[in-house]
Amino acid sequence: MPQHVDLEELRSWRRHLHQHPELSFEEHETTAYIEGYLRSLGLEPVRKTETGLWADIQGAHPGPTVAIRADIDALPIEEQTDLPFRSQKPGVMHACGHDGHTSILMGVAREFLARRQDLKGRIRLLFQPAEETPPGGAQLLIQAGALEGVDAVIGLHLIPAFPTGKASIVAGPMMAASDRFVLEVVGKGGHGASPHETVDALAIAAQMVTAAQQVVSRQVDPLEPAVVTFGTFHAGSNFNIIAQEARLTGTVRTFSEGTRQLIEGSLERIFQGMAQAYGAKVRLDYRRGYPALVNHPYVTDVFIEAVKEILGPEGYIPGRPVMGGEDFAYYLQQKPGAFLFLGCGNPAEGAIYPNHHPSFTIDEKALPLGVDVLVRTAEKLLAHPPRG
Ligand SMILES: [Zn+2]
Ligand SMILES: [Zn+2]
């Protein structure tokens, strides 16, 4: 029978992965590492995508299926820590803690194998590629059938903003849908002294930026969080030349699908209408990113119960939604589930930098806590799965 997992082992997996980070959709060595480990436990990984895989642990007794997800990819960042196990790959770094997520799920595998005789149902371990790069790996796994027969799906993210020993979660919308757009305005250039012979793309685009502010302030329900931000504005070439073209980019953040559609539609309508009014041409390229991450209320409650049992009643921090994005959102569009923020902050370990920072690191003492919280939550869901 497999042994229970301990901090030493979790640490050694995490450090190996940390030294060998791989970018989204390129996680070949990482996938091979996970596959070798799972096979050594007697499991049979299913590989239907280029990178990433899943594996089932069938309990001795029948019951529902709970899927647990870890993302496995790293980021194009040059690591700036002086840790002895720092990245060996220039320009690539596990700066979002996915090395920790992966080792936690490897630990979860062992824990469930150790209790297989008592297990009523099935655990599916999802090792997902490419969380960091849209369109993301979650959709690939889903298309490959990773959620077939699944009754609930859970996952977590390591966050140094909370200290080790604390966890946070929000029922309902917890992370935002994150879209981007490019706006191109084409007028008619000419001499700065003869505006009547031109169509001034710069002046029109400036009005469009102002008009777009009205979408959030006048069209979106005031109780619905929404952001429209222009990040860049490029137009013109010299002080006495009227700009023929303007190119702007920006991002839209929302929590509800209705608000998302409303903003996309409103921007298109306003820009087209203004272009027509001024005799310019406009092209709005609106690209959807990950949808909003919406936690299932019942599964969220089960997570909170498990957190309080494992970390103590004071371990649970009531959360607030954040405007960041996560492709775990796609699983939650298909199945009841929830996503937890697990604290891994600890100044003594240098774990004080936010995710995606070149000095990012985690307090490894959070790893066994992650294993225990996921195992306890999954056990509760097997015993009492969500209905419908
Ligand atoms: Zn990230
Ligand atoms: Zn991440």
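## Reading a two-domain predicted model

User: Where do I start with this chain, and how is it divided into domains?

Analyst: Start with the domain bounds: the protein chain splits into domain 1 (7-174 + 292-383) and domain 2 (177-287). Keep in mind that this is a predicted model. The C-alpha trace spans about 85 × 45 × 40 Å along its principal axes, and the chain holds nine helices and 15 strands.

User: How many residues of each domain are in contact with the other, and what separates the centres?

Analyst: Five residues of domain 1 are in contact with seven residues of domain 2. On the domain 1 side, the touching residues are four nonpolar, one polar and no charged. The domain centres, taken over C-alpha atoms, are separated by 39 Å.

User: What share of the residues is buried?

Analyst: Of the 388 residues in the protein chain, 48% are buried. You can also look at how far apart in sequence the contacting residues are. Among contacts with a separation of 6 or more, 80% join residues 24 or more positions apart.

User: Which residues have the most contacts inside the largest nonpolar core?

Analyst: That core has 80 residues, and those with the most contacts inside it are Ile68, Val108, Leu125, Ile154, Phe303, Leu342 and Leu374. Helix 9 (residues 366-383) gives the most to this core, with 10 residues. A second, separate core of 26 residues includes Val185, Val215, Leu267 and Ala280.

User: Let's take Leu342: which residues is it in contact with, leaving aside its neighbours within four places in sequence?

Analyst: With those set aside, Leu342 is in contact with Leu156, His157, Leu158, Ile159, Ala167, Ala366, Leu369, Gly370 and Val373.

User: Now helices. What span should I expect for helix 2?

Analyst: Count 1.5 Å a residue: the 13 residues of helix 2 (residues 28-40) should span 18 Å, and the end C-alpha atoms are 18 Å apart, so the two agree. Try the check again on helix 3, which has 17 residues and reaches 24 Å from its first C-alpha to its last, close to the 24 Å expected.

User: Which residues of helix 2 are buried, and which are exposed?

Analyst: The general idea first: an α-helix has 3.6 residues a turn, so residues three or four places apart point the same way. In helix 2 the buried residues are Thr30, Thr31, Ile34 and Leu38. They cover an arc of only 95 degrees around the axis, which puts them on the same side of helix 2. The other side has His28, Ala32, Gly36, Arg39 and Ser40 exposed.

User: What covers the buried residues of helix 2?

Analyst: The cover includes helix 1 (7-19), strand 1 (53-58), helix 3 (98-114) and strand 3 (120-128). Helix 3 itself has 15 of its 17 residues buried, so helix 3 is largely enclosed by the rest of the structure.

User: And backbone angles? Which residues should catch my eye for a positive phi?

Analyst: As background, most residues other than glycine have a negative phi, and most peptide bonds are trans. Phe25 isn't a glycine, yet has a positive phi of about 70 degrees. Phe25 sits in the loop between helix 1 and helix 2, and is partly exposed, with 18 other C-beta atoms within 10 Å. Ala130 also has a positive phi, near 55 degrees; Ala130 is in the loop between strand 3 and helix 4 and is buried, with 26 other C-beta atoms within 10 Å. There's a glycine to look at as well: Gly42, just after helix 2, has a positive phi of about 90 degrees.

User: Where is there a cis peptide bond?

Analyst: From Pro134 to Pro135, with omega near 5 degrees. Pro135 lies in the loop between strand 3 and helix 4 (138-143).

User: Loops next. Is Asp82 buried or exposed?

Analyst: Count the C-beta atoms around the residue. Asp82 has 8 other C-beta atoms within 10 Å, so Asp82 is exposed. Asp82 lies in the loop between strand 2 (61-71) and helix 3.

User: And Val92, buried or exposed?

Analyst: Val92 is in the loop between strand 2 and helix 3 too, but is buried, with 20 other C-beta atoms within 10 Å. Leaving aside neighbours within four places in sequence, Val92 is in contact with Pro21, Glu22, Leu23, Ala74, Pro76 and Ser87. The C-alpha atoms of Val92 and Ile77 are 5.1 Å apart, with their positions 15 residues apart along the chain.

Technical notes:
Residues numbered from 1 in each chain as written. Chains lettered and ligands numbered in written order. Predicted model: local features only at pLDDT ≥ 70, side-chain atom pairs only at ≥ 80, totals over all residues. Helix = DSSP H or I, 4+ residues; strand = E, 2+ residues; numbered from the N terminus. Expected span 1.5 Å × (residues − 1). Buried ≥ 20, exposed ≤ 12 C-beta atoms within 10 Å, placed from the backbone. Arc of directions from axis to C-beta. Contact = placed C-beta atoms within 7 Å. Domains from an automatic or database assignment. Nonpolar A, V, L, I, M, F, W, Y, C, P; charged D, E, K, R; others polar. Core = buried A, V, L, I, M, F, W, Y, C linked by C-beta atoms within 7 Å.
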